[in-house]
Each structure stands twice: as C-alpha cells, then as structure tokens.
Amino acid sequence: MSRAVTLLTDGRVVYPDVVMDDCEVVVQGSTILEVRRPRRRRTGVDQVISLGGGFLTPGLIDLHVHGGGGADFMDGTAEAALTVCRTHLRHGTTTLFPTTTTGTPAQLSAMLAACREAQELAAGEDTVPRARIAGVHLYGPYFAPDKVGCHLPEQQRTPRVGEYRDYFSTGMVRIATCAAELPGAAAFYRYAKKHNCLITCGHSNSTYAEMQAAFQAGMRHVDHFWCAMSSVSSLRSRCGVPMQASMEQFVMMEPEMSTEVIADGCHLSDDLLRFAWRFKGPERLCLVTDASRALDQPAGEYRFGSAIDGPVFRSDGQVGWTLDGRGLASSVAGMDRMVRNMWRATGAAVPEVIRMASLTPAERVGIADQVGSIESGKRADLVLWSPRLHVKSVMLAGRWFARLPG
Ligand SMILES: [Zn+2]
C-alpha cells in the first residue's frame, strides 16, 4: 500500500466541537497522520491539495440504510450492495450499515452473504470508490405486528434463537433491532449483546415498563425517532387509562439512550428536529438516511426491500409514499441532505450537526477508534464541503476523489 504523504491545506477543519481555520491535515497512506499549524517548509510531502476555504469533515456514517441508485441490500447480490455503496459515497457517506427489511430467513441469509461478498470485493484490487460496509443492521423482521410500517407484514415475526443464531454466526451483524414487547425480545437482546452489537428497539408499541426491561437486557437505542414507535396516545388504545409513558419518554428520560432522526424535511417537522437535538443533544442523536433504492432515481414506483417481492411504493423525488398515499415509505435522500436540513432546522453549529452524522454513530456502534472524527491515527475518510454544505470531494482511506461518480 502507498505510504505517500498528502497535505490538505486552506480548509476549515471541523472537529466534534469546533471549526479550526488555521490548520492543515497530513495524511499518510490510508491514515490521518496529524492535524497541525501550517508550516512554511513542506519536506517529505508528495502531494498538496488546497481545499479552497471549504469545510473539511470526517466521512459520514449511516446506521440505517436500505438502498440507493436503484438497488436495495435485500436484493441479496453483491452487485446490488456495491451499487448502493457507490451511490451513497456521492452524498458524503464513507461508512454504512446495510439494513435488513422483513423477509424470509432465506432472503435475510442471502443479504448477509451478499454484504460479506461486497466487503471482500471492495477490499480487493478494484478501484471504484464507494462507502465501506462496516457491518449489517439486522432490522427486520422482529417488529411488533401493529407497527410494521411500510415493510411486508407477512414476514414480521417474533425472535427465535433457532433462526437468528444463523444471522449472528456470520459475524456480520453489528446493530440489532427488536420490538421490546415481543416474546423472546430480552433473550434476543442478550444474544446480540454477546455479539457486540448496538441494540435497538424499533417498529414497536412498547410501554415505558417494557423499555425498562429491554434496557436491563442491553437495549440502548431507538430506530428513527417518532416513526413506527409508541406514543402516549398509541398506548392509550393498547393499555387504557391511566395513560402510559412511551418509548418517547423513555428515550428522553434515560441519558444512556440514543436515537436517530430522518432529517429529510418530509418525515419530521423542523420543530421536532429541534426538539430532538435540544433534548438528546449531539452525543446521543444520530442522523440516518433510511434511504430506499429510489435515492438518485427518477420519481416513480419502486419496491421497498427485495426486488422480487418487496412492497411497491411511490417516490415523488423528495420522499417515498405508500401506494394509498397515506403513509411514508422511507426516504430518498442522502446523508448530505440530512446534514443540510438539520443545520437549517435547528440552527446548530456545523460541528454539532456533523458530529450527529459521524462521531456519534461511530461511538454508538463502537468503531470510533477507527473513524468518525479528524484525528491522528484514524482512517483518512474525509469530506470536503462548500460553505453551504454541499459535498464537493471525498477522500476514502487516503484516496482523493475530486470528481465523484455520477
Ligand atoms: Zn428503515
């Protein structure tokens, strides 16, 4: 591997808490060597890249992503997985966690195998730039029957070790979702904890008490806040009176809990985004895309999940809709749009917004020793943005892509 030294100058370097204007980043091979004050003498430097005053941030990390560029990870082929990864790179994502939908055990196993194969291909000789797969998010099928959302309802089921043992045994699963009220949820959470996963509750109508039990078993995160989860009013029809606290109150009350928002401007209003940012803070709130295959595709009808039997939805180019037009069916936006929209909606400083899309997700999954911030020793996954936060270039493990593939 090349040990060439690249110097990145004239950029606004975004740290987790501050923007540094007067410094330069030294990259050696695939690693960030140091961030330092500019030096007059540049000995031992092979290449100098001027960033023209743009923001330089860590590469973005997406914990919840289904597809893009016409492909969905549930298509179950390495080719589809590579297409999704290539598509998301253009939006500033350098690390992602392919996310399962509900599906048959055979479809889930094929998806895991395809992601493994895509990882191996990407680590080989090929030079196509694309986001790296850091592990799979086992998301479907363990959803509550009344919170399946836009997923195929026939394939929702309760967790059984005889089934999920196979998925964990691949070594690919790093994030594991299960609705807390399902029978077997606690055993699933403990199993996932042994396999070093970020454990999350989603597509769930659980009560505060069920969340407490889940927390005891290792659950620490909730999928796409306010979407397909319990609320005080949803629990009134389940539990009657007195009215019950929900997943929402549990996440807000418990400092150790993190969550994520789909900040595309279509799923959640600006005031909900501001509320989540204010009350969870940038260290416990992640930005995710939840993107479908319709990302970077024309408006029209697509399948969510598997290309063979996934439910059909309609993309209007801004967001996905169920065919009856009454519910949303995941997003069609990349991480860059989530960052820009969160920035606009909350008025948060650039470092805070970027943290929610890089260091915070890295910390929650346990990969912050390798990625998530601009720090010496971490992988040189970097994004150059315009002053208005549009992606201009990406560096992937020390390789600079000034022109991103279309
Ligand atoms: Zn999703």
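Here is a short chat about a predicted model of a protein chain.

Reader: Let's start with the big picture: how many helices and strands does the protein chain have?
Author: This is a predicted model, so what follows is computed from it. Counting up the secondary structure of the protein chain gives 11 helices and 25 strands.

Reader: Why is the protein chain as compact as a globular protein of that length?
Author: The C-alpha trace spans about 70 × 40 × 40 Å along its principal axes. For 406 residues the globule rule gives 22 Å, and the protein chain comes out close to that, so it is as compact as a globular protein of that length, with a radius of gyration of 21 Å.

Reader: Which strands are the edge strands of the open sheet of four strands?
Author: Strands of a sheet pair through backbone hydrogen bonds, either parallel or antiparallel. Here the pairing is mixed, and the order is E5-E4-E1-E6. Neighbouring strands of this sheet are turned by 20° against each other on average, ignoring direction. The strands that pair on one side only are E5 (31-36) and E6 (47-50).

Reader: And within that sheet, which residue in E4 is the bridge partner of Val5?
Author: E1 covers residues 5-9 and E4 covers residues 24-28, and the two pair in the antiparallel sense over four bridges. Val5 has its bridge partner in E4, and that partner is Gln28.

Reader: What about the open sheet of six strands: which are its edge strands?
Author: The pairing in this sheet is parallel, and the order reads E13-E14-E15-E16-E17-E18. Pairing on one side only are E13 (136-138) and E18 (285-288).

Reader: Which residue in E14 is the bridge partner of His137?
Author: E13 and E14 (residues 173-177) run parallel and are joined by three bridges. Follow His137 across to E14 and you land on Ile175.

Reader: On to helices. Are H3 and H4 roughly parallel or roughly perpendicular?
Author: Two packed helices are described by the angle between their axes and the distance between the axes. H3 (residues 161-169) and H4 (residues 185-194) have axes 11 Å apart and pack at an angle of about 20°. Angles under 35 degrees count as roughly parallel, so that makes H3 relative to H4 roughly parallel.

Reader: How many nonpolar residues are in the contact of H3 with H4?
Author: The crossing of these two, H3 and H4, is right-handed. From H3 come Val161, Tyr164 and Phe168, which meet Ala187, Phe188 and Tyr191 in H4. By class there are no polar and no charged residues in the contact, and the nonpolar ones number six.

Reader: How do the residues of the contact of H8 with H9 divide into nonpolar, polar and charged?
Author: H8 (residues 270-280) and H9 (residues 335-346) pack at about 85°, with axes 9 Å apart, and are therefore roughly perpendicular to each other. H8 brings Asp270, Leu273, Arg274 and Trp277, while H9 brings Met342, Ala345 and Thr346. By class, that contact divides into four nonpolar, one polar and two charged.

Reader: Where is the place of Pro242, given the cis peptide bond from Val241?
Author: The bond from Val241 to Pro242 is cis, with omega near 0°. Pro242 sits in the loop between helix H6 (232-239) and helix H7 (247-253).

Reader: What is the omega of the cis peptide bond from Gly140 to Pro141?
Author: Pro141 lies in the loop between E13 and H3. The peptide bond leading into Pro141 from Gly140 is cis, with omega near 20°.

Reader: Last one: what is the phi of His203?
Author: His203 is in the loop between strand E15 (198-201) and helix H5 (208-216). His203 is not a glycine, yet its phi is positive, at about 45°.

Conventions: Residues are numbered from 1 along each chain as its sequence is written. This is a predicted model: local features need pLDDT of at least 70, side-chain atom pairs count only at pLDDT 80 or more; totals for chains, interfaces and linings use all residues. Two strands pair if DSSP finds at least two bridges between them. Axes are lines fitted to C-alpha atoms, for helices over the stretch in contact, and angles run from 0 to 180 degrees between N-to-C directions. Angles under 35 degrees count as roughly parallel, over 145 as roughly antiparallel, 65 to 115 as roughly perpendicular and the rest as oblique. A crossing is left-handed if the near helix is turned anticlockwise from the far one by less than a right angle, and right-handed if clockwise. Two residues are in contact if their C-beta atoms, placed from the backbone, lie within 7 Å. Ala, Val, Leu, Ile, Met, Phe, Trp, Tyr, Cys and Pro count as nonpolar, Asp, Glu, Lys and Arg as charged, and the others, Gly among them, as polar. The radius of gyration is taken over C-alpha atoms; the globule rule is 2.2 Å times the number of residues to the power 0.38.
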